[in-house]
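Morning, everyone. I have one chain to show you today. Please take a look at it before I start talking.

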Amino acid sequence: MDWSNILQAVLSFVFVIGLLLLTLWCLKYIQAKVPQSRLFKNLDEAQRVRVLERRRLDAKNTVVLIQIDDKEFFVLLGANQCLLLDEKHNEIKA
């Protein structure tokens, strides 16, 4: 194998890695600038439902604290059921 072929292969590899890093930097730059847009701020303020906290109890069960307008609810998510509790921990039939 000739030294020129080895040098060409190494330079090609460095060029491709450089293009990948440049693409990654551009995507990261765009992602950092998008939330500052007025359009996304207006959409974020108009949301009525927010997930405040989420905890895994075990492999199959999760409890989620959500806020709808000014009310908070607990949702117990299981493998076979979903249970909704209000802020006073009363079960809500849906």
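I will go from the overall layout to the sheet, and then to a few residues and their contacts.

First point: this is a predicted model. Please keep that in mind for every distance I quote.

Now the layout. The chain has two helices and four strands. Along the sequence the pattern reads α-α-β-β-β-β. So much for the order of elements.

How much of the chain is buried? Buried residues account for 9% of its 94 residues. The exposed surface comes to about 8700 Å². Carbon and sulfur atoms supply 61% of that area.

One number on contact range. Take the contacts between residues at least 6 apart in sequence. Of these, 0% join residues at least 24 apart.

On to the sheet. The four strands form an open sheet in the order β1-β2-β3-β4, and the pairing is antiparallel. Which strands sit at the edges? They are β1, residues 49-56, and β4, residues 82-85. Each of these pairs on one side only. Neighbouring strands of the sheet are turned by 20° against each other on average, with direction ignored.

Start at the β1 end. β1 and β2 pair in the antiparallel sense over seven bridges. The two strands form a hairpin, with five residues between them. Is β1 buried or in the open? Of its eight residues, the number buried is zero, so the strand lies largely in the open.

Let me pick one residue there. V49 lies in strand β1. Across from V49, in β2, stands I68. V49 and I68 are 19 residues apart in sequence, yet their C-alpha atoms are 4.6 Å apart in space. Setting aside residues up to four places away in sequence, V49 touches Q67 and I68.

Now the other end of the sheet. Strand β3, residues 71-77, pairs with β4 in the antiparallel sense over four bridges. A hairpin of four residues joins β3 to β4. Two opposite pairs are worth finding on your screen. L77 faces C82 of β4. V75 faces L84 of β4.

Next, T62. Where is it? T62 belongs to strand β2, which covers residues 62-68. Its relative accessibility is 5%. The cut-off for buried is under 20%, so T62 counts as buried. What does T62 contact, beyond its neighbours within four places in sequence? The list is R54, R55, R56, L57, V75, L76 and L77. R56 deserves a second look. The side chain of T62 makes a polar contact with the side chain of R56, at 3.4 Å.

Last topic: salt bridges. How many does the structure hold? Two.

Here is one of them. The side chains of R48 and D69 meet at 2.9 Å, N to O. R48 lies in the loop between α2, residues 38-45, and β1, while D69 lies in the loop between β2 and β3. The pair therefore ties together parts that are 21 residues apart in sequence. As for accessibility, R48 has a relative accessible area of 53%, so R48 is exposed. D69 is at 41%, and counts as partly exposed.

Then there is R55 with E53. Their side chains meet in a salt bridge at 2.8 Å, N to O. R55 is exposed, with a relative accessible area of 51%. E53, at 35% relative accessibility, counts as partly exposed. You have met R55 already: it was among the contacts of T62.

Let me recap quickly. The sheet is open and antiparallel, with four strands. At one edge, β1 has no buried residues. In β2, T62 is buried at 5% relative accessibility. And R48 with D69 links two loops through a salt bridge.

That is the tour. Questions, please.

Technical notes
Residues are numbered from 1 along each chain as its sequence is written. This is a predicted model: local features need pLDDT of at least 70, side-chain atom pairs count only at pLDDT 80 or more; totals for chains, interfaces and linings use all residues. Side-chain values use heavy atoms; hydrogens and water are left out. Two strands pair if DSSP finds at least two bridges between them. Axes are lines fitted to C-alpha atoms, for helices over the stretch in contact, and angles run from 0 to 180 degrees between N-to-C directions. Buried means under 20% relative accessible area, exposed over 50%, partly exposed in between (1.4 Å probe, protein chains only). A polar contact is a pair of N or O atoms within 3.5 Å; within protein, one must be able to donate a hydrogen and the other to accept it, and residues adjacent in sequence count only if both atoms are side-chain atoms. Contact means heavy atoms within 4.5 Å. A salt bridge is a side-chain nitrogen of Lys or Arg within 4 Å of a carboxyl oxygen of Asp or Glu. Accessible areas come from the Shrake-Rupley method with a 1.4 Å probe; for residues, only the protein chains shown count as cover.
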